[in-house]
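Please open the model in your viewer and keep the sequence panel beside it, since the tour moves from one selection to the next.

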Amino acid sequence: MSPRKKEPKIVAELGRPETPEETAARKAENSRLYKSRKTINNLVYSMLVTLALVLVIYFLVPRPDGDPQWNIDYVAQSEVAAQTLNRDLLVPAMPEDWRANAAELRNASNGKVTSWYIGFITPNDQFIAFNEAFEADATWVSQTLNDYPPTGEMTIDGQVWTVYDNREMSDPGNVEYAMVTTSGDATIVLFGTAEPVEFEQLATSITADLRSAQ
């Protein structure tokens with residue numbers, strides 16, 4: 001007795017057996033859907049792995065509590081800078097509620113002017129940059145103050161300062177106000193966003209040293 005020939009399977013949606021072309025198309029579509037699901041699954045898995053790594057880094061890396069504490073010891077930094085330059089530097093004596101967020105030697109882009117820089121944060125959380133440059137010319141001063149012209153003069157304890165009041169300008173940046181004076185081969189430039197009275201306070205703190213250096 002010969003084996004019974006297997007009848008083609010009737011597909012419910014069609015109500016008849018599939019043609020070879022339909023079978024091939026169905027298998028191709030199933031393969032496409034499988035690959036698509038696999039790609040999505042792999043993508044989700046990769047995202048979960050990445051998220052896990054980010055969380056691990058977040059919890060393992062130590063972070064300071066609260067807001068950043070800007071309290072650079074600019075007096076100590078001045079001693080290092082003075083040894084580097086082999087000369088005395090001006091060190092403003094400011095109250096404890098004045099903070100410093102930077103204290104370092106800086107070189108101009110042309111490499112010809114070296115300056116002793118301190119970034120002060122005032123009690124009102126405003127900014128004043130203190131610069132003591134050596135053998136600087138008018139070009140350096142102009143570049144430091146974004147080419148703004150002077151607007152007046154002020155004398156503090158016998159020391160004449162050139163004033164740059166840019167507060168009425170639409171966008172003066174960090175040079176809302178500035179004061180400039182000279183002593184020997186040193187040029188002192190103060191600029192920032194603080195109130196003029198705070199600039200005068202900073203200028204007053206160094207006038208005695210300026211007079212002794214002349």
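Begin by selecting Glu135, which you will find in the loop between β5 and α3. This structure is a predicted model, and in it Glu135 has a positive phi of about 55° although it is not a glycine. With a relative accessibility of 64%, Glu135 counts as exposed, because the term applies over 50%.

Move next to Asp125, whose place is in the loop between β4 and β5. Here too the backbone angle deserves a look, for the phi of Asp125 is near 60°, a positive value in a residue other than glycine. Asp125 is exposed, at a relative accessible area of 55%.

**The whole chain**

Now colour the protein chain by secondary structure, which comes to four helices and nine strands. Followed from the N terminus on, the elements run β-β-α-α-β-β-β-α-β-β-β-β-α. If you then colour by accessibility, buried residues make up 32% of the 214 residues in the chain. Switch on a surface, and the chain exposes about 14500 Å², of which carbon and sulfur atoms supply 54%. A contact map adds a further view: among contacts between residues at least 6 apart in sequence, 46% join residues at least 24 apart.

**The largest pocket**

Which residues should be selected to find the centre of the largest pocket? The largest pocket has a volume of about 210 Å³, and of the 14 residues that line it, the closest to its centre are Arg106, Ser115, Asn131, Trp140 and Thr144. To frame the surroundings, display β3 (99-107), β4 (114-121), β5 (127-134) and α3 (138-144), the elements that give two or more residues to the lining. Colouring the lining by class shows seven nonpolar, six polar and one charged residues.

**Salt bridges**

Keep Arg106 selected and add Glu104, with which Arg106 forms a salt bridge whose closest N and O atoms are 2.8 Å apart. Arg106 is partly exposed, with a relative accessible area of 35%, and Glu104 is likewise partly exposed, with a relative accessible area of 35%.

How many salt bridges does the protein count come to? The count comes to four salt bridges, and the pair just selected is one of those to visit. As general background, side chains of opposite charge can pair when their charged atoms come close.

For another pair, select Arg167 and Asp165, which form a salt bridge with the closest N and O atoms 2.8 Å apart. Arg167 counts as partly exposed at 39% relative accessibility, and Asp165 counts as partly exposed at 30%.

The last stop is Asp185, which forms a salt bridge with Arg87, the closest N and O atoms being 2.9 Å apart. Where in the chain do Asp185 and Arg87 lie? This pair links distant parts of the chain, 98 residues apart: Asp185 sits in the loop between β8 (177-183) and β9 (186-192), while Arg87 sits in the loop between α2 (74-85) and β3. Colour the two residues by accessibility before you leave them: Asp185 is partly exposed, with a relative accessible area of 34%, and Arg87 is partly exposed, with a relative accessible area of 29%.

Key
Residues numbered from 1 in each chain as written. Predicted model: local features only at pLDDT ≥ 70, side-chain atom pairs only at ≥ 80, totals over all residues. Heavy atoms only, no water. 1 Å grid on protein atoms, 1.4 Å probe; cavity = no way out; pocket = protein on both sides within 12 Å on 5 of 7 lines; lining within 4 Å. Points joined across faces, edges and corners; volume = space filled by probe spheres on them. Nonpolar A, V, L, I, M, F, W, Y, C, P; charged D, E, K, R; others polar. Buried < 20%, exposed > 50% of the residue type's maximum accessible area, 1.4 Å probe, protein only. Contact = heavy atoms within 4.5 Å. Areas by Shrake-Rupley, 256 points an atom, 1.4 Å probe, with all protein chains shown as cover. Salt bridge = Lys/Arg side-chain N within 4 Å of Asp/Glu carboxyl O.
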